[in-house]
Amino acid sequence: ESVVEEYFVGIASVLFGDTAQAKIAKIEHVVQEIVGLAKNMIVIRSVSVLWWNIVSNMWMLMAQGINPVQVGKDFFVALYHGRKYQKLNAELLQLQGTYASNATPEIAERIANVEAQLKRNPLTKFLEAGMLSSIVEDVTIQESNYSYTSEFEQKVDAFTKWIPHPMKTAANWLMVSPSTAPYQFLATTTQLSDFISKYSLAEHLMRNGQSFEDAVSEASFTFINYDVPTSRGLQYMNDLGLFMFTKFFLRFQAVLAKQLGQRSASVI
């Protein structure tokens, strides 16, 4: 490793001089952001990933012996209550922040009301058990104001100030930009799609006698938890685009192997 490292450092020094380290780091960050944007386009804006994720999850649930009608019911129940939970939880965090600087009885009453609604939500125990993982591999809904992409967007905004705001808004909707409602809908639904399947499987397992903890554990194993990291080397290669979406490909082999041993015909 030291020989390769010395060889690489020597070439970089010849090409970039004394600023080689800073320039290579900048190139690395730019490449990672381009790859991240490409993954975002594939996973969220293409719509096809969301659709086929729902279809494949339904097939997996049916292979587990769950009636497709029940799968459909679970889908709409979990989608409705999942969205409701996310909105209430976001409101609660905002209220708590406001209350920290302005502790009024009205805000305290609203906080208590929101907490009561969250407690009544039938999905709260599943969400608090960690079943809602990241959206999918290497894609995040949150935007950063400290990246080369955001810096480029700021320059574009400054250069296009003359364009009327309605035209910019129309262009954002046409491109399904992160600030638009269609993007947020697709991102949230994609994130919830795996959670809904985990919820459906966990409910099925509990109806068949499993404890809540065991049902949640098996459901989380069956539908990949993307929050569990891969090795540093493999993740770095994913970030650079040398490999794509390896968490699903590698981890799903174990899920298929387990199901083949139990329900061979259904899995095939």
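**Close-up views of a predicted model**

**View 1. Contacts of Leu201.** Leaving aside residues up to four places away in sequence, Leu201 touches Leu61, Gln64, Ile66, Glu218, Ala219, Thr222 and Phe223; contact means heavy atoms within 4.5 Å. The model is predicted: local features need pLDDT (the predictor's confidence in each residue, from 0 to 100) of at least 70, side-chain atom pairs count only at pLDDT 80 or more, and totals for chains, interfaces and linings use all residues. Residues are numbered from 1 along each chain as its sequence is written, and side-chain values use heavy atoms, without hydrogens and water.

**View 2. The largest nonpolar core.** A nonpolar core is a set of buried Ala, Val, Leu, Ile, Met, Phe, Trp, Tyr and Cys residues joined through side-chain atoms within 4.5 Å. Buried means under 20% relative accessible area and exposed over 50%, with partly exposed in between (1.4 Å probe, protein chains only). This core has 33 residues, of which Phe126, Met131, Phe195 and Leu201 touch the most other members. A second, separate core of seven residues includes Val43, Val176, Tyr183 and Ala187.

**View 3. The two sides of helix α5.** Helices are DSSP runs (H or I, at least four residues), numbered from the N terminus. The buried residues of α5 are Ile107, Ile111, Val114 and Leu118. They lie on the same side of α5 because they cover an arc of only 70° around the axis, taken from the directions from the helix axis to the C-beta atoms. Their cover includes α4 and α6. Pro105, Glu106, Glu109, Lys119 and Arg120 are exposed on the face turned away from the buried side.
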